[in-house]
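Biologist: Could you take a close look at one part of this model with me? I would love a connected walk through it.

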Amino acid sequence: MDPPDAWDPYSRPARRTQWLVSALAYHYGLDRGVENEIIVLATGLDQYLQEIFHHLDCEAEGRIPGEDFRTLCQVLGLADPEEAAADPEECAGLWEDLAPELTFRQFHAKLCGYFSTKAGCAPQRPAVGRLPLGKESEHIETQIRLRSPPRGASPPPAQAEDRIVKLEEENGSLRELVEDMRAALQSSDARCLALQVGLWKKAIRVNQELQKELRSSQEAIVTLEDCNRNLKREQAEMRKKVEEARHAVLNSLGKVKELEAKANKVPHLQIYIQELESELQYYR
C-alpha cells in the first residue's frame, strides 16, 4: 500500500535535527531519500523511543508531563501551534485525549500511532539493505561464500574454513560495532531532543514573563499618560488662577493709586477747612 500524498514528512532530505521523525517515517514506509544513519536508527526504534522517554523523565518516575510531549511534538515539527489552530484534525492523533502525564506505553503509542495513521496503516517492512541478525544470517553468508569463492587458485579446505571463521568473527565484530554506534547515536539524539524540549519550555516561560513585563510597562505608560494629562489640566487651571490673580493685583494697584491721589488732596482740604473756620469765626 502506497503512503498517502496528503502528508509527506520528507518534502526535503532528512536533516540531523529530524532523526526521530525520519526513523519513524522510514519505519512506517514514509521514506524518500533516506540516509544510512536513518536506516541504522530505525532498526532499534523501540530502544530509540525508550532513550528519549528516559531523558525526558528527569525524575525517573516512569512518566512525563503531557505538556512535555506536546513540546516535543512542536520541536520535531509535528504540530505547529498555528497550523494546529488552523487545522485541528492534523494534530488530533497526537493531542487528542492527551493525559496530564504519559507512561512510556502511552508515549510510544501516541508517536507510533500518529505515523501509522499517516501511512494509512501500511504493513511494516524491513529496512532496505539489512539482513536478519542471528544464526540464520551467518549460515546464509557462509553458504554464499562457499558457493562463490574468491577468484584465483582455490585454497586448501582447512585454509578456506579458517578464512570463513575469520570473516564471520569480523562480521560479528562489525555488527557489535554498528549496534554500539546505533545505541550511542540514539542516546545522543535523545539527550539532544530532551535539551531542546527544555530550551523550548524555557523560551516559552521567558516569553510569558516578557509578555507580563510588557503588559506592566503598558499599564505604567497608561498611568503616566493619565498623570501627564492631570498635570496639564492642573497647569491650565493654575495658569488661569495666576491670570485672575494678576488682574486682581492690577485692579488693587489702580485703587491704591486712586487712594494715594485722594490722600495727597487731604492737606489742601485741611487748609481750606481751616480758612473756612477762620472766616466763620470772623463773621461771628
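Biologist: Is R105 buried or exposed, and what is its relative accessible area?

Modeller: Happy to help, and please keep in mind that this is a predicted model. R105 is exposed, because its relative accessible area of 71% lies over the 50% cut-off. This arginine is part of helix 7. In space, the C-alpha of R105 is 9.6 Å from that of Q50, although 55 residues separate the two in sequence.

Helix 7 covers 104-118, and it also takes part in the interior. The largest nonpolar core has 40 residues, and those touching the most other members are L20, I52, L78, F107, L111 and F115. At least two residues of this core come from each of several helices, including helix 3 (45-56), helix 7 (104-118) and helix 9 (157-283). Helix 1 gives the largest share, with seven residues.

Now for the cysteines. C112 has 6% relative accessibility and therefore counts as buried, the limit being under 20%. C73 is buried too, since its relative accessibility is 0%. As for disulfides, a search through the whole structure turns up zero.

For a nonpolar group on the surface, turn to L174, L177 and M181, which form a patch with about 310 Å² of accessible area together. L174 lies in helix 9. With 49% relative accessibility, L174 counts as partly exposed, because exposed would require over 50%.

Technical notes: Residues are numbered from 1 along each chain as its sequence is written. This is a predicted model: local features need pLDDT of at least 70, side-chain atom pairs count only at pLDDT 80 or more; totals for chains, interfaces and linings use all residues. Side-chain values use heavy atoms; hydrogens and water are left out. A disulfide is a pair of cysteine sulfur atoms within 2.5 Å. Buried means under 20% relative accessible area, exposed over 50%, partly exposed in between (1.4 Å probe, protein chains only). A nonpolar core is a set of buried Ala, Val, Leu, Ile, Met, Phe, Trp, Tyr and Cys residues joined through side-chain atoms within 4.5 Å. Helices (H or I, at least four residues) and strands (E, at least two) are DSSP runs, numbered from the N terminus. Patches are made of residues with over 30% relative accessible area and no salt bridge: like charges are joined within 9 Å, nonpolar side chains (Val, Leu, Ile, Met, Phe, Trp, Tyr) within 5 Å. Accessible areas come from the Shrake-Rupley method with a 1.4 Å probe; for residues, only the protein chains shown count as cover. A salt bridge is a side-chain nitrogen of Lys or Arg within 4 Å of a carboxyl oxygen of Asp or Glu.
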